[in-house]
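Subject: The structure I promised you

Hi,

Here is the structure for you to open and turn around on your screen. Have a look first, and then read on for what was found in it.

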Number of protein chains: 2
Amino acid sequence: MNQPRVQEKEATSRRIILDCAARLFRTEGYAATSLRRIAAASNMKSGSLYYHFASKEEIITEVLNMGVQRVHDEVWRSTAELPPDADSHTLVRTAVRAHLAALHELGDYSSANVRIYGQVPEHVRNAHKPIRIAYEDLWIALLGRCVSQGSLRGDVSRRFISTFMLGAMNASLEWGTPESGRLQQMADDMAELFLRGIMTSNQ
Amino acid sequence: MNQPRVQEKEATSRRIILDCAARLFRTEGYAATSLRRIAAASNMKSGSLYYHFASKEEIITEVLNMGVQRVHDEVWRSTAELPPDADSHTLVRTAVRAHLAALHELGDYSSANVRIYGQVPEHVRNAHKPIRIAYEDLWIALLGRCVSQGSLRGDVSRRFISTFMLGAMNASLEWGTPESGRLQQMADDMAELFLRGIMTSNQ
DNA sequence: GCTCCTGCCTATCAAGTGTTAGGTTGTTTG
DNA sequence: CAAACAACCTAACACTTGATAGGCAGGAGC
């Protein structure tokens, strides 16, 4: 039962390949991951990959794009659900939670993206860039909501702050993946550091 | 004049190789950088590398180690020069400046380290780990000086804070290398965000 | 029943990989 | 001058890489 219709086979195979590729790219790096290993992990032979993808670069491009897209959607959804007058602290904490949860739980795509973006052929990186920029703009817009409440400091540019925050959050991938209970705690701690800094508040 | 003595030749050649390797590892990634390209950049043939190094892994190991060591020394020196009773803000700002300056100016070694640490063979990574930990411990010690002044917040662990800060600073490598005037400004902005957070202080 | 198409496999290609063995300089040492 | 050594090169090794061309099973559509 529920035997996949033949027309759907390509879509599922394609997805299996991308899943395996994302996992391998994440753990091994881009150049170190061969098409043969991706194929083996997908229960295929290397030549068969070319039925679904034109080249290795097409695979990595798709993996990169999906990685940002998922996180983008998750952060956008969670913050859009907040009431329009939600205060800045809630806004930031919600966005940080969503970003970290998506990064750590929603799969190898986002992790692979963070790790191998810098080691991918240049034109692949350029093709992927707009999606990255769109996500950064989402964060700048979030910070804009804080500005309109008069709660964001004005002496540092919003672009600097967003890059700063994304960098700090993405670096958390290097500590390993915590269980989801701890992850929530980690997200809240990080949001606290973002919001109030590392010092005691009376300093 | 000042012709290098023959006994010094090996040391300089070795250094040239490492310089080229660090630059290539940084820009191309670990697996994507072949010994032939390193050799060509060093004005050699690939076989000659084996006079100076036993393997590719020995090269990458040295590059990784030097990358952290330089930053470590620079941060240690600059903070050790401060008076013992220097306040926490000065301490953090000084360390952040030193870290970013070393990262961006002291060469491709530290940049290569940050970028390719996750993609080197596992036993290479394990062999390099102690040096990383030592540097992290230096930061934890710095934060300890803040604690003894009663100025570091107590609800988040020092290890978490140090990883947080190092991650945020290292991520700045991905924005490209600013000229050194702007870098100082960037370091001060980042230190400000660390110390007081992204919000206005009356919030 | 015949053809067509999907999805995969086999076999192979040229190019590039890390590594090694042995040779060739030119300088240093006895 | 001869032996020794340092520093490099040449040529090759076994292997892996991304990619291609052609084939083959089996369900779909007429």
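From the N terminus on, the elements of chain A run α-α-α-α-α-α-α-α-α. That makes nine helices and zero strands in chain A; here helices (H or I, at least four residues) and strands (E, at least two) are DSSP runs, numbered from the N terminus. Along its principal axes, the C-alpha trace of chain A spans about 65 × 40 × 30 Å.

Some housekeeping before the details. This is a predicted model, in which local features need pLDDT of at least 70, side-chain atom pairs count only at pLDDT 80 or more, and totals for chains, interfaces and linings use all residues. Residues are numbered from 1 along each chain as its sequence is written, chains are lettered from A and ligands numbered from 1 in the order in which they are written, and side-chain values use heavy atoms, with hydrogens and water left out.

**How the two protein chains are related**

Two copies of a chain are related by a rotation about an axis and a shift along it. For this pair, a rotation of 180° with 0.0 Å of shift along the axis superposes chain B on chain A, with an RMSD of 0.1 Å. The two copies are thus related as by a two-fold rotation axis. The same surface serves both copies, since 100% of the contact residues of chain B recur in chain A. (The superposition is by least squares on the C-alpha atoms of residues with pLDDT of at least 70 in both copies.)

**Where the chains meet**

How many residues of chain B are in contact with chain A? There are 39, and they touch 39 residues of chain A, where contact means heavy atoms within 4.5 Å. The size of an interface is often given as the accessible area lost when the parts come together. Chain B and chain A bury about 3700 Å² between them, 67% of it on carbon and sulfur atoms; this is the accessible area (1.4 Å probe) that the two parts lose on being put together, summed over both.

Two salt bridges are counted between chain B and chain A, a salt bridge being a side-chain nitrogen of Lys or Arg within 4 Å of a carboxyl oxygen of Asp or Glu. B:Arg153 forms a salt bridge with A:Glu192, and their closest N and O atoms are 2.8 Å apart. Across this interface there are also 10 residue pairs in polar contact, both residues at pLDDT 80 or more. (A polar contact is a pair of N or O atoms within 3.5 Å; within protein, one must be able to donate a hydrogen and the other to accept it, and residues adjacent in sequence count only if both atoms are side-chain atoms.)

On the side of chain B that touches chain A, α1, α5 (88-105), α7 (122-148), α8 (158-171) and α9 (180-196) of chain B each supply at least two residues. The residues of that side divide into 21 nonpolar, 13 polar and five charged. In this grouping Ala, Val, Leu, Ile, Met, Phe, Trp, Tyr, Cys and Pro count as nonpolar, Asp, Glu, Lys and Arg as charged, and the others, Gly among them, as polar.

**Around DNA strand D**

Which residues are closest to DNA strand D? Of the 20 that surround the strand, the closest are A:Arg36, A:Tyr50, B:Ser48, B:Tyr51 and B:His52; a residue is near a strand if one of its heavy atoms lies within 4 Å of it. B:Tyr51 has a polar side-chain atom 2.7 Å from a phosphate oxygen of DNA strand D. For B:His52, an N or O atom in the side chain is 2.7 Å from a phosphate oxygen of the strand. α1(B) gives the most to the surface near DNA strand D, with four residues.

**Around DNA strand C**

DNA strand C is surrounded by 21 residues, and the closest are A:Ser48, A:Tyr51, A:His52, B:Leu35 and B:Tyr50. A polar side-chain atom of A:Tyr51 lies 2.7 Å from a phosphate oxygen of DNA strand C. From B:Leu35, a polar backbone atom is 2.8 Å from a phosphate oxygen of DNA strand C. Here α1(A) gives the most to the nearby surface, with four residues.

Enjoy exploring!
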